[in-house]
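Reader: Hello! I am new to this structure and would love a close look at a single part of it, the place where the metal sits. Could you walk me through that part and then show me what lies around it?

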Amino acid sequence: MKTLIRKCPHCGLYTMKDLCPVCSSKTVMAIPMKYSPSDKFQKYRIKLIEEDNSAKNND
Ligand SMILES: [Zn+2]
């Protein structure tokens, strides 16, 4: 599920619309997926899963 937060480069307003409701400038994606906080949690979760799997192998 993607978070479609956009930002107006002209006035810095955050919106979910393609056009800024204030100045009608075309908005850009505010948060690239790379830098999304949820991605950090996902990496952490994958690490925990890997550790869990290796623990099972040792059993
Ligand atoms: Zn604007």
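**A close look at the zinc site**

Author: Happy to! The protein chain exposes about 5500 Å², and carbon and sulfur atoms supply 58% of that area. Please keep in mind that this is a predicted model.

Let us start with the metal. Which residues of the protein are the donors of the zinc ion? They are C8, C11, C20 and C23, each giving its SG atom, and these donors lie 2.3 Å from the zinc ion. If you follow the sequence with a finger, you will find the donor residues spaced C-x2-C-x8-C-x2-C. One pair among them links distant parts of the chain: C11 is in the loop between β1 (6–7) and β2 (14–15), while C23 is in the loop between β2 and β3 (28–29), 12 residues apart from C11.

Now for the geometry. The 4 donor atoms subtend angles of 102 to 130 degrees around the zinc ion, so the arrangement is tetrahedral. The cut-off behind that step is that all angles must lie between 85 and 135 degrees. As a yardstick, ideal angles for four tetrahedral donors at a metal are 109.5 degrees.

Are the donor residues buried or exposed? C8 counts as buried because its relative accessibility is 0%, and C20 is buried too, at 3%. C11, in contrast, is partly exposed, with a relative accessible area of 39%, and C23 is partly exposed at 29%. Across the whole protein chain, 10% of the 59 residues count as buried. With so many cysteines in view, you may wonder about disulfides: the structure holds 0 of them.

Right beside C23 in the numbering comes S24, which is found in the loop between β2 and β3. What is the phi of S24? It is positive, about 65 degrees, although S24 is not a glycine. For background, most residues other than glycine have a negative phi. S24 counts as exposed, because its relative accessibility is 53%.

Next, let us place the site in the fold. The protein chain has 1 helix and 3 strands, and from the N terminus on its elements run β-β-β-α. The 3 strands make an open sheet in the order β2-β1-β3, with antiparallel pairing. β2 and β3 stand at the edges, each with a single partner strand, so one side of each is left without a neighbour in the sheet. β1 and β2 run antiparallel and are joined by 2 bridges; in one example, K7 has Y14 in β2 as its bridge partner. In general, strands of a sheet pair through backbone hydrogen bonds.

One more residue helps to connect these pieces. I5 lies in the segment before β1, and at 26% relative accessibility I5 counts as partly exposed. Which residues does I5 contact, leaving aside its neighbours within four places in sequence? They are Y14, T15, M16, V28, M29, A30 and I31. The C-alpha atoms of I5 and T27 are separated by 9.6 Å, although the two residues are 22 residues apart along the chain. For the protein chain as a whole, residues 24 or more positions apart account for 11% of the contacts with a separation of 6 or more.

To gather the picture: C8, C11, C20 and C23 are the protein donors of the zinc ion, and the arrangement around the zinc ion is tetrahedral.

Conventions: Residues are numbered from 1 along each chain as its sequence is written. This is a predicted model: local features need pLDDT of at least 70, side-chain atom pairs count only at pLDDT 80 or more; totals for chains, interfaces and linings use all residues. Side-chain values use heavy atoms; hydrogens and water are left out. Helices (H or I, at least four residues) and strands (E, at least two) are DSSP runs, numbered from the N terminus. Buried means under 20% relative accessible area, exposed over 50%, partly exposed in between (1.4 Å probe, protein chains only). Contact means heavy atoms within 4.5 Å. Accessible areas come from the Shrake-Rupley method with a 1.4 Å probe; for residues, only the protein chains shown count as cover. Donors are N, O and S atoms within 2.8 Å of the metal (3.2 Å for Na, K and Ca); water is not among the atoms, so sites may look incomplete. Four donors count as tetrahedral if all angles lie between 85 and 135 degrees; four count as square planar and six as octahedral if opposite donors are over 155 degrees apart and all others between 65 and 115; anything else is irregular. Two strands pair if DSSP finds at least two bridges between them. A disulfide is a pair of cysteine sulfur atoms within 2.5 Å.
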